[in-house]
Amino acid sequence: MSVQHDDSIPTREKVLVIGAGPAGLAAAAALRAVGLPFDLVDGAEHVGGVWSGASGKTNEVVW
């Protein structure tokens, strides 16, 4: 199935990236690289997920 897109019609669509861990940040970087608008949301206070070093329950560094 082929979907045709008419670039002459402006849209206000955005991509929603759920999760600001490694995969979400990579997705956001890829979207930005091709110029697509996006919103990035996460349930935690800080971005980075497993890369952030915080356990999520306290401000302790877990490694």
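**Salt bridge, crossover and buried glycines in a β-α-β chain**

Q: Which residue forms a salt bridge with Lys 14?
A: In this predicted model, the closest N and O atoms of the pair are 3.3 Å apart. A salt bridge requires a Lys or Arg side-chain nitrogen within 4 Å of a carboxyl oxygen of Asp or Glu, so the pair qualifies. The partner of Lys 14 is Asp 39.

Q: How many residues apart in sequence are the parts that this pair ties together?
A: Lys 14 belongs to the segment before β1. Asp 39, by contrast, is placed in strand β2. The pair therefore links parts whose separation in sequence, in residues, is 25.

Q: How many salt bridges does the count come to?
A: Side chains of opposite charge can pair when their charged atoms come close. Lys 14 and Asp 39 form such a salt bridge. For salt bridges, the count comes to one.

Q: Is Lys 14 buried or exposed?
A: The relative accessibility of Lys 14 is 54%. Exposed residues are those over 50%, so this value decides the class. Lys 14 counts as exposed.

Q: What is the relative accessibility of Asp 39?
A: Asp 39 counts as partly exposed. That class lies between the limits of 20% and 50%, so the value must fall in this range. For Asp 39 it is 35%.

Q: Which residue is the bridge partner of Leu 16 in β2?
A: Strand β1 covers residues 15–18 and strand β2 covers residues 38–41. Four bridges join these two parallel strands. Within β2, the partner of Leu 16 is Asp 39.

Q: What is the handedness of the β-α-β crossover?
A: Along the sequence the chain has the pattern β-α-β, built from one helix and two strands. The strands β1 and β2 run parallel. The chain passes from β1 through α1 to β2, and this crossover is right-handed.

Q: Which residues form a nonpolar surface patch with Val 15?
A: Val 15 is placed in strand β1, where its bridge partner in β2 is Phe 38. Its relative accessible area is 34%, so Val 15 is partly exposed and passes the patch cut-off of over 30%. The patch has about 250 Å² of accessible area together. The other members are Val 34 and Leu 36.

Q: Is Gly 24 buried or exposed?
A: Gly 24 is located in helix α1, which spans residues 22–33. Neighbours within four places in sequence aside, Gly 24 contacts Val 17, Gly 19 and Leu 40. At a relative accessibility of 9%, Gly 24 falls under the 20% limit and is therefore buried.

Q: How far apart in space are Gly 24 and Gly 48, C-alpha to C-alpha?
A: In sequence, Gly 24 and Gly 48 are 24 residues apart. In space, the distance between their C-alpha atoms is 8.8 Å.

Q: Which residues is Gly 21 in contact with, leaving aside its neighbours within four places in sequence?
A: Gly 21 sits in the loop between β1 and α1. With a relative accessible area of 15%, Gly 21 is buried. Ser 52 is 31 residues from Gly 21 in sequence and 8.4 Å from it in space, C-alpha to C-alpha. The contacts of Gly 21 are Asp 42, Gly 48 and Gly 49.

Q: What percentage of the residues of the chain count as buried?
A: The chain has 63 residues. Its accessible surface comes to about 5500 Å², with 58% belonging to carbon and sulfur atoms. The share of residues that count as buried is 14%.

How values were computed
Residues numbered from 1 in each chain as written. Predicted model: local features only at pLDDT ≥ 70, side-chain atom pairs only at ≥ 80, totals over all residues. Heavy atoms only, no water. Buried < 20%, exposed > 50% of the residue type's maximum accessible area, 1.4 Å probe, protein only. Contact = heavy atoms within 4.5 Å. Pairing = 2+ DSSP bridges. Right-handed = clockwise from strand over helix to strand, strands pointing away. Areas by Shrake-Rupley, 256 points an atom, 1.4 Å probe, with all protein chains shown as cover. Patch = residues over 30% accessible without salt bridge, like charges linked within 9 Å, V, L, I, M, F, W, Y side chains within 5 Å.
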